[in-house]
Amino acid sequence: MPEPILVTGASGGSQGSTGRRITALLLEKGIPVRAFVHTIDARSDALRELGAEVVQGDLLDRDSVRASLKGIKRAYFTYSVTDGLLEATTIFAMAARQAETELVVNNSQLQGARKAPSFRNMQHGLADRIFDWAEVGAVHLHAPPYYENVRALVSKSVSEQSTVLLPWGDGSATLPLVGAEDVSRVAATLLADSATASTSQYDLIAATPTVMEIVDTLSAVLQRPVRYVGIRDEQWAEAMRGHINPHALDHLSHLWRYFRSSERRRDDEARHVTDTIRTVTGCRAQTLEEFFRANAAEFGGFRAQS
């Protein structure tokens, strides 16, 4: 039997849940998975039912991370949008080096901007370097916001008011996007066969729509008018305070300002849709329209125009 692959974030969260998706994809291929979870609950029970070896731990706890990496040659690392990314990365990189891990697929963010759009984005760039210095065969997945992030941001207001309320400017700003499903498929493919990796970093950009193109696509899928209303940063931050943690709020607030800025437009010269997903997995990337169709119920389903 092949050696197990360690997957962190295996229980999944409220949005992308790449760890849970990757666990399922690897198990479908008959590859054993050691699923690293923070809490034993119904989600971890479901992983056991799928056939995963479930281990409970905390990425900020050196002992549990070292124990989880024992005998592991390939691993997937992801960390939620909250405080502690650099600490968790350092702990994991040190433990992986001690375990002589040969491949760590690292869930990172797009890099290459003249100035990091947010503190969190800067941290991801530093985390990439920590993994490189540890010499654990790190491969970095540089992903933009997920389609699932868009869904989380607008599903309630679209469902209730057919309105997108966000501080995204006049509607002309472009947003690089990708589906968590495709990020997971790329990661699972690399983990299943480390020989597949041809570089140490992959830019995963499936679409670069403008704000208005996002809204128009959603409107066409739902078969009813959806309008965009640009609001002030302060309005959005106040509405979100208490619903997401301060770290995530700071990251997203800076990201929205970046997307609207002339600096972002200069960076766009080097940003374009990549063919990485098809090259690595053999399948084309999911489109934004396909994602909206698959998740139409989240936005209020299909209602006839009045």
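This briefing covers an enclosed strand, a buried arginine, a surface patch and two loop residues. The model is predicted: local features need pLDDT of at least 70, side-chain atom pairs count only at pLDDT 80 or more, and totals for chains, interfaces and linings use all residues. Residues are numbered from 1 along each chain as its sequence is written, and side-chain values use heavy atoms, with hydrogens and water left out.

Helices (H or I, at least four residues) and strands (E, at least two) are DSSP runs, numbered from the N terminus. Buried means under 20% relative accessible area, exposed over 50%, and partly exposed in between (1.4 Å probe, protein chains only).

**Strand 5**

- Strand 5 covers residues 103–109, and 7 of its 7 residues are buried, so the rest of the structure largely encloses it.
- In a regular strand, side chains alternate between the two faces of the sheet.
- Leu103, Val105, Asn107 and Gln109 point one way from strand 5. Val104, Asn106 and Ser108 point the other way, and all are buried.
- Strand 4 (residues 74–77) runs parallel to strand 5, joined to it by 4 bridges. Two strands pair if DSSP finds at least two bridges between them.
- Phe77 stands opposite Asn106 in strand 5.

**Arg224**

- Arg224 sits in the loop between helix 8 (211–222) and strand 9 (227–230).
- Arg224 is buried, yet it has no salt bridge. A salt bridge is a side-chain nitrogen of Lys or Arg within 4 Å of a carboxyl oxygen of Asp or Glu.
- The nearest side chain of opposite charge is Glu160, 10 Å away. Lys and Arg count as positive and Asp and Glu as negative, while His and the chain ends are not counted.
- A polar atom of the Arg224 side chain lies 3.0 Å from the backbone oxygen of Val158.

**Surface patch**

- Phe119, Met122 and Leu126 form a nonpolar patch on the surface, with about 280 Å² of accessible area together (Shrake-Rupley method, 1.4 Å probe).
- Patch residues have over 30% relative accessible area and no salt bridge; nonpolar side chains are joined within 5 Å, like charges within 9 Å.
- Phe119 belongs to helix 5 (residues 119–134). It counts as partly exposed because its relative accessibility is 46%.

**Positive phi in two loops**

- Glu135 is not a glycine, yet its phi is positive, near 55°. It lies in the loop between helix 5 and strand 6 (138–143). At 62% relative accessibility, Glu135 counts as exposed.
- Ser162, also not a glycine, has a positive phi of about 55°. Its loop runs between helix 6 (147–161) and strand 7 (163–166). At 15% relative accessibility, Ser162 counts as buried.

Definitions and conventions: A polar contact is a pair of N or O atoms within 3.5 Å; within protein, one must be able to donate a hydrogen and the other to accept it, and residues adjacent in sequence count only if both atoms are side-chain atoms.
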